[in-house]
Amino acid sequence: MRYLHTMVRVHNLEQSLHFYCELLGLQEMYRKENEKGRFTLVFLAAPDDAERAEETKSPMLELTYNWDPETYDGGRNFGHLAFRVANIYETCQRLMDNGVIINRPPRDGHMAFVRSPDNISVELLQEGEHLAPQEPWASMENTGEW
């Protein structure tokens with residue numbers, strides 16, 4: 001058995017690609033347009049997984065964009081996506097500078113939670129050892145649900 005991908009439905013493909021690719025740093029591996037089914041699939045991989053994803057089509061994140069408007073009721077029952085990052089403070093600052101709310105700040109220098117434009121919970125984990133606590137993160141309160 002091999003893990004392949006996680007699929008999330010998105011309302012606005014460009015907004016979602018901005019979040020996942022430009023802000024988080026994932027890479028678009030390939031996309032499929034299906035005119036008959038009226039949807040687009042975009043497969044993304046973390047940079048450290050890109051070579052493997054190209055060879056095996058895993059592990060990836062699949063963004064599904066349905067061309068016709070739909071309402072998606074998401075809940076915490078989905079859980080979250082998780083990504084390891086080189087510097088959690090720099091990643092959170094870049095996200096915050098681009099209007100992303102840091103729902104659970106990295107007070108411990110190790111873990112943070114944010115939400116995608118489609119309200120998908122995303123966990124960010126510091127690679128290696130925890131970073132030393134620093135402001136403004138150390139005293140920042142949680143915001144909303146994560």
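Okay, a definition before anything else: when I quote an angle between a helix and a strand, the axes are lines fitted to C-alpha atoms, and the angle runs from 0 to 180 degrees between N-to-C directions. With that in hand, here's where I'll use it: helix H3 lies across S5, S6, S7 and S8, and runs at about 145° to S8. And yes, this is a predicted model, so keep that in mind throughout.

Let's stay with the sheet under that helix. Four strands make it up, in the order S5-S8-S7-S6, as an open sheet with mixed pairing. Its edges are S5 and S6, the latter covering 102-104, and each of those pairs on one side only. From one strand to the next, the twist averages 35°. S6 joins S7 through two bridges, in the antiparallel sense. If you want a landmark there, look for Ile-102, which stands opposite Val-114 in S7.

Now the other sheet. This one is also open and mixed, with four strands in the order S1-S4-S3-S2. The edge strands here are S1, residues 5-10, and S2, residues 27-34, each with a partner on one side only. Here the twist averages 20° from one strand to the next. S2 and S3 run antiparallel, with seven bridges joining them, and S3 spans residues 39-45. In that ladder, Gln-27 stands opposite Ala-45 in S3.

So what fills the inside? In soluble globular proteins, nonpolar side chains tend to be buried together. In this model, the largest nonpolar core has 29 residues. Those with the most contacts inside it are Phe-19, Tyr-20, Leu-44, Leu-63, Leu-95 and Leu-124. Plenty of elements give two or more residues to it, including S1, S3, S4, S5, H3, S7 and S8. Which element gives the most to this core? That's H1, with six residues.

Let me zoom in on Tyr-20. Leaving aside neighbours within four places in sequence, Tyr-20 is in contact with Val-8, Gly-25, Leu-26, Leu-44, Leu-61, Leu-63, Leu-81, Ser-116 and Ile-120. Apart from the big core lies another one, of five residues, among them Leu-41, Phe-43, Ala-45 and Ala-53.

Phe-43 brings me to the rings. The count comes to three aromatic pairs, and I'll show you two. Why is the pair of Tyr-30 and Phe-43 called stacked? The ring centres are 4.6 Å apart and the planes sit at 15°, so the pair is within the stacked class, where planes are under 30 degrees apart. The two rings come from distant parts of the chain, with Tyr-30 in strand S2 and Phe-43 in strand S3, 13 residues apart.

Are these two buried or exposed? Tyr-30 has 22% relative accessibility, so it counts as partly exposed. Phe-43 is at 5%, so Phe-43 counts as buried. Tyr-30 has a charged neighbour as well: Lys-57 lies over the face of its ring, at 4.6 Å from the ring centre.

The second pair is Tyr-89 with Trp-137, also stacked, at 6.4 Å centre to centre and 10° between the planes. This one links distant parts of the chain too: Tyr-89 is in helix H3, Trp-137 is in the segment after S8, and they are 48 residues apart. Both rings belong to buried residues, with Tyr-89 at a relative accessible area of 6% and Trp-137 at 2%.

That's my tour, happy to take questions.

Key:
Residues numbered from 1 in each chain as written. Predicted model: local features only at pLDDT ≥ 70, side-chain atom pairs only at ≥ 80, totals over all residues. Heavy atoms only, no water. Pairing = 2+ DSSP bridges. Core = buried A, V, L, I, M, F, W, Y, C linked by side-chain atoms within 4.5 Å. Buried < 20%, exposed > 50% of the residue type's maximum accessible area, 1.4 Å probe, protein only. Contact = heavy atoms within 4.5 Å. Phe/Tyr/Trp six-rings, centres within 6.5 Å; stacked < 30°, edge-to-face > 60°. Lys NZ or Arg CZ within 6 Å of the ring centre and 35° of its normal.
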